[in-house]
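User: Please take a close look at a single helix in this model. I would like its buried residues and packing partners, and then how the rest of the chain compares as a setting.

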Amino acid sequence: PDAKPSNFLRQIIERDLAAGTYADRRFAGSPGDAAHHAGGPLDAARIRTRFPPEPNGYLHLGHAKSITLNFGLAEEYGGVCHLRFDDTNPEKEEQEYVDAIAEAVHWLGFDWTAPDPERPGTRREHRYFASDYFEFMYRAAEALVEAGLAYVDEQSAEQMRANRGDFSTPGTDSPFRIRTPAENLARLRAMRAGELADGAAVLRAKIDMASPNINLRDPALYRIKRATHHNTGDAWCIYPMYTYAHPIEDALEGITHSICTLEFEDQRPFYDWLLETLCDLGLLARPRPHQHEFARLNVTYVVTSKRKLRQLVEEKHVDGWDDPRMPTLVGLRRRGYTPEAIRLMCDRAGTSKAGGWTEYAALDAALRDDLDPKAPRASVVLDPLRLKLTNFDAVFGSLAHREPCHAPVHPAKPEMGRRDFAFTNEVWIERDDFMEVPSKGYFRLFPPRAGADGSPLAGSRVRMRFGYVVECTGMEKDADGRVTAVLAEIVPDTKSGTPGADAVKVKGAITWVGVGDALPIEVRLYDRLFTDPQPEADGRDMLEVLNPASKKVVHGYAEPGLASAQPGDRFQFERHGYFVADRVDHRADRPVFNRTATLKDTWTT
Ligand code: ATP
Ligand code: MG
Ligand code: MG
C-alpha cells in the first residue's frame, strides 16, 4: 500500500493531540440523561470521528471516501469511529438501508467496535441511531426556549421564506419573534402534543435576522410532521432539523472531529453557536466537537447522489441497486472491485479543501495494483472461433488424445500452484486472433498467401500459450463467406516447458481452450454507465448521456479449472482483464462472470 500523504485533517488532529484539546473530558450530557453514556466513556488520549449516513439509500463511492477518511483517521490515531445512522427524517428511512449500510462498511474492511475501558478485555460497539437522542434534543429545545434563544414561529412557509432575505438583503423579524419564553414553551409543548397541524409552526433559533450568513437568520430547529419513524414509531409528531440534530449527536457521542463535506461550511457558525449555547446552559460538556470540512469526492463517469441513483433503479435504466454498473458499494462489489482497491483509490484521491474530479481510471488502476499480485490467472476465450489441428492424429496417434498442459496459477508466485488443462484436436481461439489477410504488424494467425511478387508465402506460426507452436494452413467458411474454422498444423517438439521448445521462434502467442476440455461460460462485459465524464455538467439530465453499450453479454469458453469458481471469486483472464464470478447469478452448472476492468496494457503481438 502507498504511504498515506499528510493532509490538513491530520495536521488538525495532531495539533489537537499535542495541545491536549480533548485530554480532559467528562461524559457528555448530564447524569440521568438517556443520552448520558451515548458514546461510552471518553478515553482522553483518543480522537473520535463518525460516519453519519442517512439510511435512505445504498452507499456509493462518495460515501466510501467519507468512510475511509473517518475510519482511517480513527485507526491511525488509535481512536474510534462511530457508525451513526442519521435517522432524523422519518419519511425516507428504512431498515433495509440500515442493514445494507452496516454490511457495506464491514465489507470495506472497517469496524465500529473498540476496546471497552469499563470492561477490560471486551470490545464495545459504536453503532448509534440519532433517533435515540430525540428526547434529549427535545429537552435541549425547551432549554433554548426558556433561555429566550428559540421561539415558535407560526408564519406560513411562504412568509418565512420571504422574510429570510437573501445574500444582499437582510431578513425581517417574524412577528412571532417577540413572544415570551413562557408563551413559546406552551406553543412548543402544543407542537409536541400534536395540537398543531403539520407545517403550522416551526421552532426557530433566535439569533440574528440580519446576519450576513443566512444560516444564522433564525434557522428552524423543529418541524411538525406526522410520519411513522422506523425506530421511534409514532412517538413523535415533531422532528428535529438536520442542522440542529447533527451537532447534538456529535456532542452526545463525544465526537472530537466532525468531518463533513464543504457544503456544510456555511453551517459551521450555527454548529458552533448551538454547541456553545448548550454548553453554557449546562446541557453539554466542554470540550465540544469541532466541524472540519473537506472537498467531496467526484469521480468522472459517476453520479454520486442517492436520489439520482434511485432514479436509475426505479426507472429501470439499471438492474437494481447492485447492478454492476452502479457506483453503489453493492454494485462495485458485484462488479468485482475489491474493498482494498476502493480504499486505495480514496486514499490516492487525497483529502483537501479544493474540489476537483478524480478519473474513473484511478479506480481501475487501484484494482489492478491490488489484484495483479494476487489474482489467479485463467485462460478464457470470449469470442470463440474453432481451430482445427489437422495433423493432431499423426502427432499424437489418436484424435481423442488429450495432451496434458499446465500453467502457473500466478506467473510470479509458484507457491500458488499450477493449473492443468488439455490440448485437444480442436481448440477455441479468439476470433480476432485470426486474419484472413493480415494487416501490417499482425503476428497472430493468418493463412498462406501470395507475396507481392506472386510467390507463395507460408501461413503464420504462433505459440498456443503453454502448448505447442502451430502453423496456420487455411480456413473454412460458410456460404456467406464467414470464417467458421481455422486450420493449422502442430509443429512437433515445441511443447512449452520441454527441451528445445523454443528452437522454433514465433512472434505471437495466443490464448486457447481445448474444445474437448472447455467450460462454457456467460460473461458480462461492462463499460461506463455514461458517455460523458461529467454526466450532469451544466445542469444536463444524466439520462441524455446514458451509455447504451454499457452492458454486453457474451458466451465463451474457459479452461476447465474454472468449474470450481465460487461466487465472488476473482481472476485475471489472460489478455482480457479482471473478472469475478457473479455473486448473484453464478452457479457451478451455469457459470457467470463479470468483467471488472480490462488490463492496462493492450495486447500488442
Ligand atoms: P447523497 O447526496 O448521495 O444522498 P448524502 O451526503 O446526503 O449523499 P449521507 O447519507 O448524508 O448522504 O452521507 C453520509 C456521509 O457521507 C456524509 O458525511 C457525507 O458528507 C458523506 N459523503 C456523501 N457523498 C460524499 C462524497 N461524494 N464525497 C465525500 N463524502 C461524501
Ligand atoms: Mg445527507
Ligand atoms: Mg444528499
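**Helix α12 and its surroundings**

Analyst: In this predicted model, helix α12 covers residues 361–371, and its buried residues are Leu 363, Asp 364, Ala 366, Leu 367, Arg 368, Asp 370 and Leu 371. An α-helix has 3.6 residues a turn, so residues three or four places apart point the same way. The partners of the buried residues of α12 are one helix, α11 (339–349), and the strands β29 (570–573), β30 (577–581) and β31 (592–597).

The domain assignment provides the wider setting. Domain 1 is made of 8–131, 244–302 and 333–361, domain 2 spans 135–243, and domain 3 spans 377–517. Between the C-alpha centres of domain 2 and domain 3 the distance is 77 Å.

Another helix contact is that of α4 (residues 134–146) with α6 (residues 181–192), whose axes lie 8 Å apart at an angle of about 155 degrees. The two helices, α4 and α6, are therefore roughly antiparallel. On the α4 side the contact involves Tyr 138, Ala 141, Glu 142, Val 145 and Glu 146, and on the α6 side Pro 181, Asn 184, Leu 185, Leu 188 and Arg 192. Six of these residues are nonpolar, one is polar and three are charged.

Ligand 1 has 14 residues around it, and the closest are Pro 53, Gly 62, Ser 66, Arg 296 and Lys 306. Two elements, α2 (61–76) and β10 (257–261), each give two or more residues to this shell. The most come from α2, which gives four. By class the shell has four nonpolar, six polar and four charged residues.

How values were computed:
Residues numbered from 1 in each chain as written. Chains lettered and ligands numbered in written order. Predicted model: local features only at pLDDT ≥ 70, side-chain atom pairs only at ≥ 80, totals over all residues. Domains from an automatic or database assignment. Buried ≥ 20, exposed ≤ 12 C-beta atoms within 10 Å, placed from the backbone. Contact = placed C-beta atoms within 7 Å. Axes fitted to C-alpha atoms, helices over the stretch in contact; angles between N-to-C directions. Parallel < 35°, antiparallel > 145°, perpendicular 65-115°, else oblique. Nonpolar A, V, L, I, M, F, W, Y, C, P; charged D, E, K, R; others polar. Near = placed C-beta within 6 Å.
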